[in-house]
Amino acid sequence: MSLDQSFVGRSWPATEPYLVGREKIREFARAIGATDAEYHDPAAARAIGYADVVAPPTFPVVFTMSSSRQIIADPELGLDYTRVVHGDQRFTYHRPVVAGDALVCVNSVEDITSRGGHEFITTRTDVRTESGDPVVTVWSKLVQRGEEAK
Amino acid sequence: MSDVLEPQTFRVTRADLVRYAGASGDFNPIHWNDRTAVGVGLPGVIAHGMFTMALVGRAVTTWAGAADAVVEFSVRFARPVPVPDTDEGTEVVVSGMVKEITDAGHTRLSLTATCNGDKVLSLAQALIRKR
(Lines give C-alpha, C1' and ligand atoms only; values in the text may rest on other atoms or scores of the structure.)
Protein backbone atom coordinates (compact mmCIF):
# COMPACT_ATOMS: atom_id res chain seq x y z
CA MET A 1 0.00 0.00 0.00
CA SER A 2 1.25 3.47 -0.86
CA LEU A 3 1.77 6.18 1.69
CA ASP A 4 -0.73 9.05 1.67
CA GLN A 5 0.86 11.73 -0.55
CA SER A 6 -1.32 14.43 1.01
CA PHE A 7 1.04 14.33 4.03
CA VAL A 8 3.79 16.07 2.00
CA GLY A 9 4.14 19.68 3.12
CA ARG A 10 2.07 19.20 6.27
CA SER A 11 3.42 20.30 9.62
CA TRP A 12 2.22 19.54 13.11
CA PRO A 13 1.76 21.73 16.20
CA ALA A 14 4.86 22.11 18.40
CA THR A 15 5.32 19.30 20.91
CA GLU A 16 5.33 19.83 24.69
CA PRO A 17 8.79 21.02 25.80
CA TYR A 18 11.41 18.33 26.43
CA LEU A 19 13.54 19.28 29.42
CA VAL A 20 17.17 18.28 28.77
CA GLY A 21 18.69 16.81 31.92
CA ARG A 22 22.37 16.80 32.84
CA GLU A 23 22.19 13.14 33.88
CA LYS A 24 20.45 12.20 30.60
CA ILE A 25 23.29 13.75 28.62
CA ARG A 26 25.82 11.92 30.78
CA GLU A 27 23.91 8.64 30.38
CA PHE A 28 23.78 9.08 26.58
CA ALA A 29 27.47 10.00 26.40
CA ARG A 30 28.38 6.91 28.49
CA ALA A 31 26.21 4.71 26.22
CA ILE A 32 28.17 5.79 23.13
CA GLY A 33 31.49 5.63 25.01
CA ALA A 34 32.15 9.38 24.74
CA THR A 35 34.40 10.62 27.51
CA ASP A 36 34.83 14.28 26.42
CA ALA A 37 34.82 16.40 29.57
CA GLU A 38 32.25 18.83 28.10
CA TYR A 39 29.63 16.03 28.06
CA HIS A 40 30.16 15.16 31.72
CA ASP A 41 31.61 18.07 33.66
CA PRO A 42 29.66 21.37 33.93
CA ALA A 43 32.89 23.27 34.69
CA ALA A 44 34.49 22.00 31.46
CA ALA A 45 31.37 23.04 29.51
CA ARG A 46 31.39 26.50 31.15
CA ALA A 47 35.03 26.88 30.12
CA ILE A 48 33.97 26.68 26.44
CA GLY A 49 31.03 29.04 26.93
CA TYR A 50 28.01 26.92 27.87
CA ALA A 51 25.83 27.09 30.97
CA ASP A 52 25.97 23.34 31.63
CA VAL A 53 27.12 20.09 30.00
CA VAL A 54 26.67 19.93 26.20
CA ALA A 55 25.21 16.95 24.36
CA PRO A 56 26.96 14.80 21.73
CA PRO A 57 25.87 15.53 18.11
CA THR A 58 23.37 12.68 17.79
CA PHE A 59 21.73 13.26 21.21
CA PRO A 60 18.68 15.06 19.72
CA VAL A 61 17.26 11.69 18.56
CA VAL A 62 16.44 11.01 22.23
CA PHE A 63 13.46 13.35 21.85
CA THR A 64 13.01 13.83 18.08
CA MET A 65 12.38 10.13 17.42
CA SER A 66 9.50 10.01 19.87
CA SER A 67 8.19 13.39 18.71
CA SER A 68 8.00 12.26 15.08
CA ARG A 69 5.59 9.49 16.08
CA GLN A 70 3.08 12.34 15.66
CA ILE A 71 3.52 11.67 11.94
CA ILE A 72 4.56 8.07 11.47
CA ALA A 73 2.01 6.57 13.87
CA ASP A 74 -0.90 8.36 12.16
CA PRO A 75 -3.00 5.56 10.64
CA GLU A 76 -3.99 7.90 7.79
CA LEU A 77 -0.35 7.90 6.59
CA GLY A 78 -0.47 4.12 6.11
CA LEU A 79 3.06 3.30 7.29
CA ASP A 80 3.66 -0.32 8.35
CA TYR A 81 6.32 0.17 11.01
CA THR A 82 7.27 -3.53 11.05
CA ARG A 83 8.67 -3.09 7.52
CA VAL A 84 10.48 0.20 8.17
CA VAL A 85 14.26 0.62 8.07
CA HIS A 86 16.23 3.80 8.65
CA GLY A 87 17.49 5.24 5.35
CA ASP A 88 19.20 8.57 5.93
CA GLN A 89 19.82 10.87 8.86
CA ARG A 90 20.94 14.49 8.83
CA PHE A 91 21.43 17.19 11.47
CA THR A 92 22.18 20.87 11.06
CA TYR A 93 23.14 22.65 14.27
CA HIS A 94 22.71 26.26 15.32
CA ARG A 95 24.29 25.34 18.64
CA PRO A 96 24.73 22.19 20.72
CA VAL A 97 21.94 21.01 22.99
CA VAL A 98 22.79 22.03 26.57
CA ALA A 99 21.52 20.61 29.88
CA GLY A 100 18.71 22.83 31.15
CA ASP A 101 17.29 23.50 27.67
CA ALA A 102 13.52 23.20 27.31
CA LEU A 103 13.05 22.24 23.65
CA VAL A 104 9.99 21.94 21.45
CA CYS A 105 9.81 20.01 18.17
CA VAL A 106 7.94 21.11 15.07
CA ASN A 107 7.53 18.13 12.74
CA SER A 108 6.79 18.22 9.05
CA VAL A 109 6.86 15.89 6.06
CA GLU A 110 9.20 17.05 3.30
CA ASP A 111 8.88 14.22 0.82
CA ILE A 112 7.18 10.91 0.07
CA THR A 113 8.36 8.85 -2.90
CA SER A 114 7.96 5.34 -4.21
CA ARG A 115 10.66 3.38 -6.01
CA GLY A 116 11.11 -0.30 -6.82
CA GLY A 117 8.23 -1.31 -4.60
CA HIS A 118 9.66 0.57 -1.60
CA GLU A 119 8.19 3.70 -0.05
CA PHE A 120 10.36 6.57 1.22
CA ILE A 121 9.29 9.29 3.64
CA THR A 122 11.47 12.21 4.75
CA THR A 123 10.49 13.90 7.97
CA ARG A 124 11.94 17.14 9.26
CA THR A 125 12.01 18.18 12.90
CA ASP A 126 12.82 21.77 13.79
CA VAL A 127 14.03 21.86 17.38
CA ARG A 128 13.66 25.24 19.08
CA THR A 129 13.67 26.77 22.51
CA GLU A 130 10.30 27.70 23.97
CA SER A 131 10.95 31.29 22.93
CA GLY A 132 11.52 30.17 19.33
CA ASP A 133 15.32 30.24 18.99
CA PRO A 134 16.46 27.52 16.58
CA VAL A 135 18.78 24.87 18.05
CA VAL A 136 18.99 21.98 15.59
CA THR A 137 17.10 20.68 12.55
CA VAL A 138 16.85 16.94 12.08
CA TRP A 139 15.91 15.09 8.87
CA SER A 140 15.14 11.36 8.83
CA LYS A 141 14.39 9.29 5.79
CA LEU A 142 12.51 6.10 6.55
CA VAL A 143 12.15 3.26 4.06
CA GLN A 144 9.14 0.97 4.09
CA ARG A 145 10.32 -2.16 2.35
CA GLY A 146 7.98 -3.66 -0.25
CA GLU A 147 6.02 -6.77 0.80
CA GLU A 148 7.88 -8.83 -1.82
CA ALA A 149 11.31 -7.47 -0.97
CA LYS A 150 11.82 -9.11 2.45
CA MET B 1 43.60 19.42 12.43
CA SER B 2 45.24 17.15 9.90
CA ASP B 3 43.66 16.41 6.50
CA VAL B 4 43.02 12.82 7.42
CA LEU B 5 40.96 11.20 10.13
CA GLU B 6 43.04 8.09 10.74
CA PRO B 7 41.06 4.84 11.08
CA GLN B 8 39.58 4.40 14.53
CA THR B 9 38.18 1.05 15.66
CA PHE B 10 35.14 0.76 17.91
CA ARG B 11 34.14 -2.56 19.45
CA VAL B 12 30.38 -3.14 19.55
CA THR B 13 28.81 -5.85 21.72
CA ARG B 14 25.24 -6.81 22.60
CA ALA B 15 25.73 -5.08 25.96
CA ASP B 16 26.49 -1.83 24.12
CA LEU B 17 23.24 -2.14 22.18
CA VAL B 18 21.22 -2.73 25.35
CA ARG B 19 22.84 0.29 26.99
CA TYR B 20 22.20 2.42 23.90
CA ALA B 21 18.57 1.27 23.72
CA GLY B 22 18.05 2.48 27.29
CA ALA B 23 19.87 5.77 26.83
CA SER B 24 18.22 6.63 23.50
CA GLY B 25 14.75 5.21 24.12
CA ASP B 26 14.91 3.12 20.92
CA PHE B 27 13.70 -0.30 22.08
CA ASN B 28 13.09 -1.80 18.64
CA PRO B 29 13.59 -5.57 19.34
CA ILE B 30 15.70 -6.08 16.18
CA HIS B 31 18.49 -4.47 18.25
CA TRP B 32 18.34 -7.01 21.10
CA ASN B 33 16.21 -10.01 20.13
CA ASP B 34 17.49 -12.56 17.57
CA ARG B 35 14.05 -14.11 17.16
CA THR B 36 12.56 -10.80 16.01
CA ALA B 37 15.58 -9.88 13.88
CA VAL B 38 15.59 -13.20 12.01
CA GLY B 39 11.80 -12.98 11.65
CA VAL B 40 12.13 -9.78 9.59
CA GLY B 41 14.85 -11.25 7.37
CA LEU B 42 17.99 -10.02 9.12
CA PRO B 43 20.94 -12.33 9.90
CA GLY B 44 20.40 -11.64 13.61
CA VAL B 45 20.51 -8.68 16.00
CA ILE B 46 21.88 -5.53 14.33
CA ALA B 47 23.20 -2.31 15.82
CA HIS B 48 20.98 0.78 15.90
CA GLY B 49 21.89 2.89 12.87
CA MET B 50 21.99 5.85 15.23
CA PHE B 51 24.50 4.01 17.43
CA THR B 52 26.85 3.62 14.45
CA MET B 53 26.29 7.30 13.62
CA ALA B 54 27.11 8.21 17.24
CA LEU B 55 30.43 6.34 16.99
CA VAL B 56 31.25 8.28 13.83
CA GLY B 57 30.33 11.45 15.72
CA ARG B 58 32.85 10.52 18.43
CA ALA B 59 35.60 10.10 15.84
CA VAL B 60 34.65 13.46 14.29
CA THR B 61 34.57 15.52 17.50
CA THR B 62 37.84 13.93 18.64
CA TRP B 63 39.47 14.77 15.31
CA ALA B 64 38.08 18.33 15.44
CA GLY B 65 39.28 18.73 19.03
CA ALA B 66 36.01 20.24 20.24
CA ALA B 67 32.80 18.70 21.55
CA ASP B 68 30.71 21.47 19.94
CA ALA B 69 32.50 21.67 16.57
CA VAL B 70 29.92 20.00 14.34
CA VAL B 71 27.73 22.30 12.23
CA GLU B 72 26.21 19.62 10.01
CA PHE B 73 26.29 15.83 10.12
CA SER B 74 24.65 13.38 7.71
CA VAL B 75 24.77 9.69 6.80
CA ARG B 76 22.98 7.10 4.70
CA PHE B 77 22.61 3.68 6.27
CA ALA B 78 23.85 1.41 3.48
CA ARG B 79 24.16 -1.93 5.25
CA PRO B 80 23.26 -3.25 8.70
CA VAL B 81 25.92 -3.90 11.38
CA PRO B 82 25.28 -7.46 12.66
CA VAL B 83 26.34 -7.90 16.29
CA PRO B 84 26.90 -11.57 17.21
CA ASP B 85 26.12 -12.79 20.72
CA THR B 86 29.77 -13.20 21.70
CA ASP B 87 32.07 -11.43 24.16
CA GLU B 88 33.93 -9.89 21.21
CA GLY B 89 30.82 -8.74 19.33
CA THR B 90 31.99 -6.93 16.21
CA GLU B 91 34.07 -3.93 15.17
CA VAL B 92 33.18 -0.72 13.35
CA VAL B 93 36.10 1.13 11.76
CA VAL B 94 35.67 4.86 11.11
CA SER B 95 37.93 6.98 8.92
CA GLY B 96 37.68 10.21 6.98
CA MET B 97 39.38 12.88 4.94
CA VAL B 98 38.98 16.59 4.33
CA LYS B 99 37.04 17.29 1.14
CA GLU B 100 36.99 21.08 1.08
CA ILE B 101 37.02 24.29 3.03
CA THR B 102 33.69 26.00 2.39
CA ASP B 103 33.22 29.70 1.57
CA ALA B 104 32.13 30.19 5.18
CA GLY B 105 35.47 28.74 6.30
CA HIS B 106 34.04 25.45 7.56
CA THR B 107 35.81 22.14 6.91
CA ARG B 108 33.89 19.43 5.06
CA LEU B 109 34.91 15.95 6.13
CA SER B 110 34.02 12.87 4.09
CA LEU B 111 33.52 9.84 6.34
CA THR B 112 33.67 6.07 5.98
CA ALA B 113 32.46 3.38 8.38
CA THR B 114 33.07 -0.31 7.75
CA CYS B 115 32.19 -3.58 9.47
CA ASN B 116 33.91 -6.82 8.36
CA GLY B 117 35.32 -4.86 5.44
CA ASP B 118 31.90 -3.74 4.13
CA LYS B 119 30.88 -0.10 4.02
CA VAL B 120 27.93 0.29 6.37
CA LEU B 121 27.39 4.00 5.60
CA SER B 122 27.41 5.94 2.37
CA LEU B 123 27.27 9.69 1.74
CA ALA B 124 28.53 10.23 5.28
CA GLN B 125 29.92 13.69 5.94
CA ALA B 126 30.34 16.32 8.59
CA LEU B 127 30.86 20.05 8.43
CA ILE B 128 33.20 21.35 11.12
CA ARG B 129 33.00 24.98 12.15
CA LYS B 130 35.82 27.42 11.68
CA ARG B 131 37.76 27.81 14.90
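This report describes the predicted model of a structure with chains A and B, moving from chain A to the contact between the chains and then to the nonpolar cores.

**Chain A**

Chain A contains five helices and five strands. Their order along the sequence is β-α-α-α-α-α-β-β-β-β. Measured out along the principal axes, the C-alpha atoms of this chain fill a box of roughly 55 × 35 × 20 Å. The chain has 150 residues, of which 37% count as buried. When contacts in chain A between residues at least 6 apart in sequence are considered, 72% of them join residues at least 24 apart.

**Strand pairing**

Strand β5 of chain A, residues 134-144, has two partners within its own chain. One partner is β2(A), which runs antiparallel to β5(A) and is joined to it by nine bridges. Within this pairing, A:D88 has A:K141 of β5(A) as its bridge partner. The other partner is β4(A), residues 118-129, which is also antiparallel to β5(A) and shares ten bridges with it. Here A:R128 stands opposite A:P134 of β5(A). A hairpin is formed by β4(A) and β5(A), with four residues between the two strands, and A:G132 in the turn has a positive phi of about 100°.

Strand pairing also crosses from one chain to the other. β2(A) pairs in the antiparallel sense with β2(B), residues 70-77, over five bridges. In β2(B), B:S74 stands opposite A:R90.

The three pairings are set out below.

| Strands | Sense | Bridges |
|---|---|---|
| β2(A) and β5(A) | antiparallel | nine bridges |
| β4(A) and β5(A) | antiparallel | ten bridges |
| β2(A) and β2(B) | antiparallel | five bridges |

**The contact between the chains**

The contact takes 29 residues from chain A and 27 residues from chain B. On the chain A side, α1 (22-31), α2 (37-40), α4 (61-67) and β2 (84-93) each supply at least two residues. The largest share of that side, eight residues, comes from β2(A). Sorted by class, the side of chain A that touches chain B has 15 nonpolar, eight polar and six charged residues.

**Chain B and helix α3**

For chain B, an unreviewed UniProt entry carries the annotation "domain: MaoC-like" over residues 7-97. Across residues 7-97 the chain is 36% helix and 24% strand, and the end C-alpha atoms are 10 Å apart.

Helix α3 of chain B spans residues 49-64. From its first C-alpha to its last, this helix of 16 residues reaches 23 Å, close to the 22 Å expected at 1.5 Å a residue. α3(B) is mostly covered, with 14 of its 16 residues buried. After α3(B) comes B:G65, which has a positive phi near 75°.

**Nonpolar cores**

Which residues have the most contacts inside the largest nonpolar core? They are A:I25, A:F28, A:I32, A:V54, B:L55 and B:V56, in a core of 70 residues. α3(B) gives the most to this core, with nine residues. A:I32 touches A:P56 and, in chain B, the residues B:Y20, B:F51, B:A54, B:L55 and B:R58, when residues up to four places away in sequence are not counted. A second core, separate from the largest one, has nine residues, among them A:F7, A:I72, A:V109 and A:L142.

How values were computed
Residues are numbered from 1 along each chain as its sequence is written. Chains are lettered from A and ligands numbered from 1 in the order in which they are written. This is a predicted model: local features need pLDDT of at least 70, side-chain atom pairs count only at pLDDT 80 or more; totals for chains, interfaces and linings use all residues. A residue is buried if 20 or more other C-beta atoms lie within 10 Å of its own, exposed if 12 or fewer, and partly exposed in between; C-beta atoms are placed from the backbone. Two residues are in contact if their C-beta atoms, placed from the backbone, lie within 7 Å. UniProt positions are given in the numbering used here, feature names are shortened, and annotations may be inferred rather than shown by experiment. Ala, Val, Leu, Ile, Met, Phe, Trp, Tyr, Cys and Pro count as nonpolar, Asp, Glu, Lys and Arg as charged, and the others, Gly among them, as polar. Two strands pair if DSSP finds at least two bridges between them. The expected span of a helix is 1.5 Å times one less than its number of residues. A nonpolar core is a set of buried Ala, Val, Leu, Ile, Met, Phe, Trp, Tyr and Cys residues joined through C-beta atoms within 7 Å.
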